[in-house]
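Visitor: Could you take me through one part of this fold up close? I'd like to look at how the strands pair up, and then at what sits around them.

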Amino acid sequence: MKTYTITVNGVAYDVTVEEGTGSAAAPAAKAAPKAAPKAAPAAAPAAAAGAGAGAVKVTASVPGKVFKVEASVGQAVKAGDTIIILEAMKMEIPVVAPQDGTVASIDVAVGAAVENGDVLASLN
């Protein structure tokens with residue numbers, strides 16, 4: 001018998017598989033759910049009241065964790081200026097302003113986990 005831990009949709013299962021001859025009469029595998037390591041809870045947005053207030057959305061290009069917030073609400077930025085730095089696969093990835101504008105909202109906090117396409121900030 002071999003025991004494996006398999007995670008499906010965030011739930012970890014200890015699965016015991018009996019080695020057999022591959023016949024149809026082989027016993028079924030037993031699975032017992034166990035507590036999966038929980039991801040850190042999403043941090044509250046830094047500007048919750050103005051979340052998504054701007055017309056131009058700045059989104060994450062990769063899944064990762066917010067490493068640093070470089071800009072603040074009300075700050076004027078030019079196209080290419082770094083707004084947020086994400087950490088993914090042990091690399092720091094800058095998220096830049098797609099155009100000139102003013103930061104209308106910062107929708108994430110340092111340490112927050114983000115997915116590809118999540119709105120991180122918005123510009124006016």
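Guide: Before we start, a quick word on pairing: two strands count as paired if DSSP finds at least two bridges between them. Keep in mind, too, that this is a predicted model.

Let's go to the open sheet. Four strands build it, in the order β8-β7-β5-β10, and their pairing is antiparallel. At its edges stand β8 (91-96) and β10 (113-114); each has a single partner strand, so one side of each is left without a neighbour in the sheet. Now zoom in on β7 and β8: six bridges join this antiparallel pair. One residue to click on is Ile85, whose bridge partner in β8 is Pro94.

Staying with β7 takes us into the nonpolar core. The largest one has 19 residues, and those touching the most other members are Val66, Ile83, Ile84, Leu86, Val114, Leu120 and Leu123. At least two residues of this core come from each of β4 (56-59), β7 (82-88), β9 (101-106) and β11 (119-123). As a general point, nonpolar side chains in soluble globular proteins tend to be buried together.

Leu120 is a handy place to see this. If you skip its neighbours within four places in sequence, Leu120 is in contact with Val58, Thr59, Ala60, Ile84, Leu86, Val95, Ile106, Asp107, Val108 and Val114.

For another strand pair, swing over to β1 and β2. Seven bridges join β1 to β2 (residues 11-17), and the two run antiparallel. Here Thr5 stands opposite Asp14 in β2. The hairpin they make has two residues between the strands, and Asn9 takes a positive phi near 50 degrees in it.

This hairpin also brings us to the surface. Tyr4, Ile6, Val8 and Val17 form a nonpolar patch there, with about 320 Å² of accessible area together. Strand β1 (residues 2-8) gives the largest share of the patch, three residues. Ile6 is in β1, and its relative accessibility of 39% makes it partly exposed, because the partly exposed class lies between the 20% and 50% cut-offs.

One last stop is a charged pair. The side chains of Lys68 and Glu70 meet in a salt bridge, at 3.4 Å from N to O, and the count for the model comes to one salt bridge. Lys68 is partly exposed, with a relative accessible area of 41%, and Glu70 is also partly exposed, at 36% relative accessibility.

Note on methods: Residues are numbered from 1 along each chain as its sequence is written. This is a predicted model: local features need pLDDT of at least 70, side-chain atom pairs count only at pLDDT 80 or more; totals for chains, interfaces and linings use all residues. Side-chain values use heavy atoms; hydrogens and water are left out. A salt bridge is a side-chain nitrogen of Lys or Arg within 4 Å of a carboxyl oxygen of Asp or Glu. Buried means under 20% relative accessible area, exposed over 50%, partly exposed in between (1.4 Å probe, protein chains only). A nonpolar core is a set of buried Ala, Val, Leu, Ile, Met, Phe, Trp, Tyr and Cys residues joined through side-chain atoms within 4.5 Å. Contact means heavy atoms within 4.5 Å. Patches are made of residues with over 30% relative accessible area and no salt bridge: like charges are joined within 9 Å, nonpolar side chains (Val, Leu, Ile, Met, Phe, Trp, Tyr) within 5 Å. Accessible areas come from the Shrake-Rupley method with a 1.4 Å probe; for residues, only the protein chains shown count as cover.
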